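Subject: Structure for you to look at

Hello,

Here is the structure I said I would pass on. Please open it next to this email, and follow the notes below with the sequence at hand.

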Amino acid sequence: YNQAMLRILPPAGIEVIIIPRTQRNGRAVSASEVRAKPAAGDISGATELVPQTTADYLCSAQAKPVLERLRTAFEGSCPGG
């Protein structure tokens, strides 16, 4: 993805700045992993991976509809689930 952006955007006059992935415990944080944790009911696992502002949002009433959509989207996607 980054390589494609570097190839396509600069000729169009758009500067590309690659920001390193956030890391926790020495490994890159995956957005898929962050989405999967609350979908499986593990909000605290997700909050350990994200910045404090995102953790605050995940624990707020505003996040309830989003978290419900995640749970619905992940239903049945795991064996036995």
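Arg 71 forms a salt bridge with Glu 68, with 3.4 Å between the closest N and O atoms. This is a predicted model. Both residues belong to helix α5, where they are three residues apart, about one turn of the helix. Arg 71 is partly exposed because its relative accessible area is 29%, and Glu 68 is also counted as partly exposed, at 40%. The bounds that matter here are under 20% for buried and over 50% for exposed.

As background, side chains of opposite charge can pair when their charged atoms come close.

How many salt bridges does a search of the whole structure find? It finds three. Another one joins Glu 33 to Arg 27, where the closest N and O atoms are 2.8 Å apart. Arg 27 has a relative accessibility of 45%, so it counts as partly exposed. There is also a salt bridge between Asp 42 and Lys 37, with the closest N and O atoms 4.0 Å apart. Asp 42 is partly exposed at 29%, and Lys 37 is partly exposed at 24%.

Next, the core. In soluble globular proteins, nonpolar side chains tend to be buried together. Here the largest nonpolar core has eleven residues, including Val 29, Val 34, Leu 49, Val 50, Leu 67 and Leu 70. Two or more core residues come from each of α2 (31–39), α4 (52–58) and α5 (64–74). Leaving out residues up to four places away in sequence, Val 34 touches Val 29, Ala 46, Leu 49 and Val 50.

Val 29 is also touched by Gln 23, which has Ala 28 as a contact too, with the same residues up to four places away left out. Gln 23 is in strand β1 (residues 23–24). Its C-alpha atom is 8.2 Å from that of Leu 49, although the two residues are 26 apart along the chain.

Last, the pocket. Which residues line the largest pocket? They are Arg 21, Thr 22, Val 29, Ser 30, Ala 31, Val 34, Leu 49, Val 50, Pro 51 and Thr 54. Six of the lining residues are nonpolar, three are polar and one is charged. The volume of this pocket is about 230 Å³. Val 29, Val 34, Leu 49 and Val 50 appear both in this lining and in the largest nonpolar core.

Regards

Conventions
Residues numbered from 1 in each chain as written. Predicted model: local features only at pLDDT ≥ 70, side-chain atom pairs only at ≥ 80, totals over all residues. Heavy atoms only, no water. 1 Å grid on protein atoms, 1.4 Å probe; cavity = no way out; pocket = protein on both sides within 12 Å on 5 of 7 lines; lining within 4 Å. Points joined across faces, edges and corners; volume = space filled by probe spheres on them. Nonpolar A, V, L, I, M, F, W, Y, C, P; charged D, E, K, R; others polar. Core = buried A, V, L, I, M, F, W, Y, C linked by side-chain atoms within 4.5 Å. Buried < 20%, exposed > 50% of the residue type's maximum accessible area, 1.4 Å probe, protein only. Helix = DSSP H or I, 4+ residues; strand = E, 2+ residues; numbered from the N terminus. Contact = heavy atoms within 4.5 Å. Salt bridge = Lys/Arg side-chain N within 4 Å of Asp/Glu carboxyl O.
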